[in-house]
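Visitor: Could you take me on a close look at one part of this model, step by step? I would like to see how its pieces fit together before we move on to the details.

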Amino acid sequence: MAGSMKHTITILGIESSCDDTGAAVLRQDGSNPAEILSNIVYGQSDLHADFGGVVPEIAARAHAEKLDVAVSEALTTANLKPSDLDAIAVTAGPGLIGGVMSGVMCAKGLSAGLNLPLVGVNHLAGHALTPRLTDQVEYPYLMLLVSGGHCQFLIARGPDDFSRLGGTIDDAPGEAFDKTARLLGLPQPGGPSVQAEAQKGDAKRFKFPRPLMDRPGCDMSFSGLKTALLRARDAIIAEKGGLTTQDRADLCASFQEAVVDVICKKTARALQVYMDENPQPPTLAVAGGVAANTAIRAGLETLCHNLACAFVAPPLALCTDNAAMIAYAGLERFNDGHRDDMTLVARPRWPLDKTAPALLGSGKKGAKA
């Protein structure tokens, strides 16, 4: 952030890439840390509950109905008028295209009506820059973005400068937790349900695979792990005629331990690559909804402690999809002189690292970058 800035910037952020409609207002006074004045999120979980995942058409319609309400509430909560804003930031991708389009059109309307600069933001950059909003982490740092639809290691060097070291080539961890919960009859979202069951189980009972551990690099795979769990479940049912509560807890514990093992070992490899750059001080930051899993977090904290690397995990409300992170990423781009105009388009795919090959697959939370 430029230290010479003396003026105050107030920016509105808009987020609608999946199933959360968000609007937030951030203010930055000179080179001081940005302050969140409001952060409104309307979830859609109840609308999608019967479908076992997010339905794009339902999500897009709900965003269209809620965006103006969220923006109005964000301004009211911040005790501001539209004329108090200096710029508008909006998620322009990647995500479910109907939702992204709803947000971009809303932002364009506000930009034109209020004659304010428009800044398009990569949703993943919003997650990746959150540690700078919450903890003022210095560049470069290693970012593990781990959520329902994404899982990747990024070295963040600037608001538009990211190197991807690896990621999931199939199911993201959040998807694997959700599918595991469905296979075992646990409520959605799967992450908290599986974690709660795992605390009552024996993680050593089932020997689940650790995919791609024998291959170099930082890529991960979780679909084989889910298949192994399905087979183990079916074998118990065939033998006993059903699952006991202890069987279910042991399956969850064994599954979770396998996920933690894979993430921690691949993180160790990513840290070695990153630390070859000699960052001072070295920092691993983690964001995305799966970062709330206490077993994953504990494993990563231990790893960082052993490598004398700082560990940063923003509060959960800022780890899941929200507009404050979009406002902040927009603020960094705005301060760098970036502006968009009415030609800004919604993008279903938008990799942060333009040089890396595309990751395979498309998660339930939208297209992967």
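## A sheet and its surroundings

Guide: Gladly. In this predicted model, let us begin with an open sheet of five strands, ordered S8-S7-S6-S9-S10, in which the pairing is mixed. The edges are held by strand S8 (161-167) and strand S10 (310-312); each has a single partner strand, so one side of each is left without a neighbour in the sheet. On average, neighbouring strands here are turned by 25° against each other, if direction is ignored.

Let us zoom in on one edge. Strand S7, covering residues 151-158, runs antiparallel to S8, and six bridges join the two. Within that pairing, isoleucine 155 is found opposite serine 163 of S8. Helix H8 (residues 245-275) packs on this sheet and touches strand S6 (141-146), S7, S8 and strand S9 (283-287). The direction of H8 makes about 155° with that of S6.

Now for some aromatic rings. Three aromatic pairs turn up in a search of the whole structure. One of them joins tyrosine 139 and tyrosine 141: the ring centres are 5.9 Å apart and the planes lie at 10°, so this pair is stacked. Tyrosine 139 counts as partly exposed, with 23% relative accessibility, whereas tyrosine 141 is buried at 0% relative accessible area. Phenylalanine 206 and phenylalanine 208 are also stacked, because their centres lie 5.8 Å apart with planes at 10°. Both of these phenylalanines, 206 and 208, are buried.

Charges come into the picture too. Arginine 132 lies over the face of tyrosine 139, 3.9 Å from the ring centre. Elsewhere, the charged end of lysine 66 is placed over the ring of tyrosine 42, at 5.3 Å from its centre.

That tyrosine brings us to another sheet, since tyrosine 42 falls within strand S3 (35-43). Here, too, five strands form an open sheet with mixed pairing, in the order S3-S2-S1-S4-S5. S3 and strand S5 (118-122) stand at its edges, and each has a single partner strand, so one side of each lacks a neighbour in the sheet. The average turn between neighbouring strands is 20° in this sheet, direction ignored.

At the S3 edge, strand S2 (residues 20-29) pairs with S3 in the antiparallel sense over eight bridges. Alanine 23 stands opposite isoleucine 40 of S3. Helix H3 (residues 97-114) packs on the sheet, touching strand S1 (8-15), strand S4 (87-93) and S5, and its direction makes about 160° with that of S4. Helix H11 (residues 323-335) packs on the sheet as well, with contacts to S1, S2, S3, S4 and S5; its direction makes about 130° with that of S1.

H3 deserves a last look. This helix has 18 residues and reaches 25 Å from its first C-alpha to its last, close to the 26 Å expected at 1.5 Å a residue. Its buried residues include Gly99, Val100, Gly103, Val104, Ala107 and Ser111. An α-helix has 3.6 residues a turn, so residues three or four places apart point the same way. Among the elements covering the buried residues of H3 are S1, helix H2 (56-77), S4 and S5. Just after H3, asparagine 115 takes a positive phi of about 55°.

Technical notes:
Residues are numbered from 1 along each chain as its sequence is written. This is a predicted model: local features need pLDDT of at least 70, side-chain atom pairs count only at pLDDT 80 or more; totals for chains, interfaces and linings use all residues. Side-chain values use heavy atoms; hydrogens and water are left out. Two strands pair if DSSP finds at least two bridges between them. Helices (H or I, at least four residues) and strands (E, at least two) are DSSP runs, numbered from the N terminus. Axes are lines fitted to C-alpha atoms, for helices over the stretch in contact, and angles run from 0 to 180 degrees between N-to-C directions. Contact means heavy atoms within 4.5 Å. Rings of Phe, Tyr and Trp (its six-membered ring) pair if their centres lie within 6.5 Å; planes under 30 degrees apart count as stacked, over 60 as edge-to-face and the rest as tilted. Buried means under 20% relative accessible area, exposed over 50%, partly exposed in between (1.4 Å probe, protein chains only). A charge sits over a ring if NZ of Lys or CZ of Arg is within 6 Å of the ring centre and within 35 degrees of the ring normal. The expected span of a helix is 1.5 Å times one less than its number of residues.
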